[in-house]
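Student: Please give me a close look at the smaller-scale packing in one part of this model, the sheets and the helices laid against them. Start from a pair of strands and work outward.

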Amino acid sequence: MSYLDNVRVFVRVVELGTLSAAGRDQRVTPAVASNRIKELERHMGVRLFNRTTRKLTPTEHGRVFYDGAVKILEAVNEAESAIADLSRNPKGALRITAPLGIGRRLIASGVPEFHDKYPDIEVRLRLSDHNVDILSEGVDVAFKLGILEDSNLRMRGIMNCERVVCGAPAYFERRGTPATPDELITNRHDCLLLRYPGSKEYYWTLQTADGVRKFEVTGPYDSDDGDVLTQWALDGHGIINKPLFEVKQYINEGSLVPILQDTPPLGAQLAAIYPHKRFQDPKVRLIIDFMAERCQRLIGKLLT
């Protein structure tokens, strides 16, 4: 087995906590991951993990080795990136992530095309509406709708995305159409919210005559999948606050009706976010350039 492969598995076991999670991340079985850890321990003559039935935690030797192992892998990645840049033949794996909505509509369908263009780059895409910890989960690039909050990360803006509050005609016939944002709360409208641990969408931010205001709307149920919220709204179960490009087709068809157009939601920026140490990696630059152009083009079509 490659010593570097063993080190990579070791680092991901420390970061993810289990052999199965590390194995999935490195595309090997838990048995292979376990053998790689055992080989490292035999090589160094020390135990690297304390083992329980549920989790592996690094020993004191393991914690010391982890700090050095991360530096080793970063140095190897930087060296490979420098060679790839000089040879104009980038290689290796790219871990990218995106929310479910933009991931399905804009990112996922572009991965095969990107790989056709750069066949030596292996793309590992993860779609999730949950907050992804880019640094601890080893993500190279995250495509997000939102604001950069972590100063340890870099951001490249792709485009500003308008948002819209809307619902199905059947819902407004049944519950009435709110004329002001305050009526969302006073009339206890069923607002469909994206919720998950760490979620910040427990309120909607709207642009009013008095400036930007936060409205703590509520609803009878919520989901951690934005597309589920859209389907519930289409079925007449409540009101959603979504990027316009995600629902423009339904608005054009009349399946959803925009409301509160004089007090629209604050827009969101579509951006590529990545760790500082990745900005010199040509693979990262290539995927961001490729997906930025693709997103701008496809969103333009969705908004027509």
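Tutor: The model is a predicted one. In it, strand β7 (residues 163-167) is joined to β13 by three bridges, and the two strands run antiparallel. One place to see the pairing is G167, which stands opposite V257 in β13. These two strands belong to an open sheet of three, ordered β12-β7-β13, with antiparallel pairing. Its edges are β12 (239-243) and β13 (257-259), each of which pairs on one side only. From one strand to the next, the twist averages 45 degrees.

A helix covers this sheet. Helix α10 (residues 244-253) lies across β7, β12 and β13, and its direction makes an angle of about 120 degrees with β12. A residue from another helix also reaches this region. T230 sits in helix α9 (residues 226-234). Its relative accessible area is 4%, and the cut-off for a buried residue is under 20%, so T230 counts as buried. Leaving aside residues up to four places away in sequence, T230 touches I240, K242, V247 and Y250. Of these, I240 and K242 fall within the range of β12, while V247 and Y250 fall within that of α10. T230 of α9 therefore contacts both an edge strand and the helix laid across the sheet.

The second sheet comes next. Five strands make up an open sheet in the order β4-β3-β5-β14-β6, and their pairing is mixed. Here the edge strands, pairing on one side only, are β4 (121-127) and β6 (153-161). The average twist in this sheet is 20 degrees from one strand to the next.

Strand β14 (residues 268-275) has a neighbour on each side. With β6 it forms eight bridges, and the two run antiparallel. Within that pairing, G157 has A271 as its bridge partner, and C161 has A268. With β5, β14 forms four bridges, again running antiparallel. K144 stands opposite A271 there, so A271 is a convenient marker in β14, being the partner of G157 too. The strand is also shielded: because seven of the eight residues of β14 are buried, it is largely enclosed by the rest of the structure.

The five-stranded sheet likewise has a helix laid over it. Helix α5 (residues 100-107) lies across β3 (92-98), β4, β5 (141-145) and β14, at about 125 degrees to β3. Six of the eight residues of α5 are buried, which leaves the helix largely enclosed by the rest of the structure. The buried positions are L100, G101, I102, G103, L106 and I107.

Besides the sheet, α5 has a helix for a partner. It packs with helix α11 (residues 282-302) at an angle of about 95 degrees, the axes being 10 Å apart. This makes α5 roughly perpendicular to α11, because that label covers angles of 65 to 115 degrees. On the α5 side the contact involves R105, L106 and I107, which meet M291, R294, C295, L298, I299 and L302 of α11. By type, the residues of this contact are seven nonpolar, no polar and two charged. L106 and I107 thus appear both among the buried residues of α5 and in the contact with α11.

Another helix pair lies at the start of the chain. Helix α1 (residues 3-16) packs with helix α2 (residues 19-26) at an angle of about 130 degrees, with 8 Å between their axes. That makes the two helices oblique to each other. Their crossing is right-handed. R8, V9, R12, V13 and L16 of α1 make the contact with L19, A21, A22, D25 and Q26 of α2. Of the residues in this contact, six are nonpolar, one is polar and three are charged.

For the setting of these parts, the protein chain as a whole has eleven helices and 14 strands. Its C-alpha atoms fill a box of roughly 70 × 45 × 35 Å along the principal axes. Of its 304 residues, 45% count as buried. Among contacts between residues at least 6 apart in sequence, 74% join residues at least 24 apart.

Notes. Residues numbered from 1 in each chain as written. Predicted model: local features only at pLDDT ≥ 70, side-chain atom pairs only at ≥ 80, totals over all residues. Heavy atoms only, no water. Axes fitted to C-alpha atoms, helices over the stretch in contact; angles between N-to-C directions. Parallel < 35°, antiparallel > 145°, perpendicular 65-115°, else oblique. Left-handed = near helix turned anticlockwise from the far one by under 90°. Contact = heavy atoms within 4.5 Å. Nonpolar A, V, L, I, M, F, W, Y, C, P; charged D, E, K, R; others polar. Buried < 20%, exposed > 50% of the residue type's maximum accessible area, 1.4 Å probe, protein only. Pairing = 2+ DSSP bridges.
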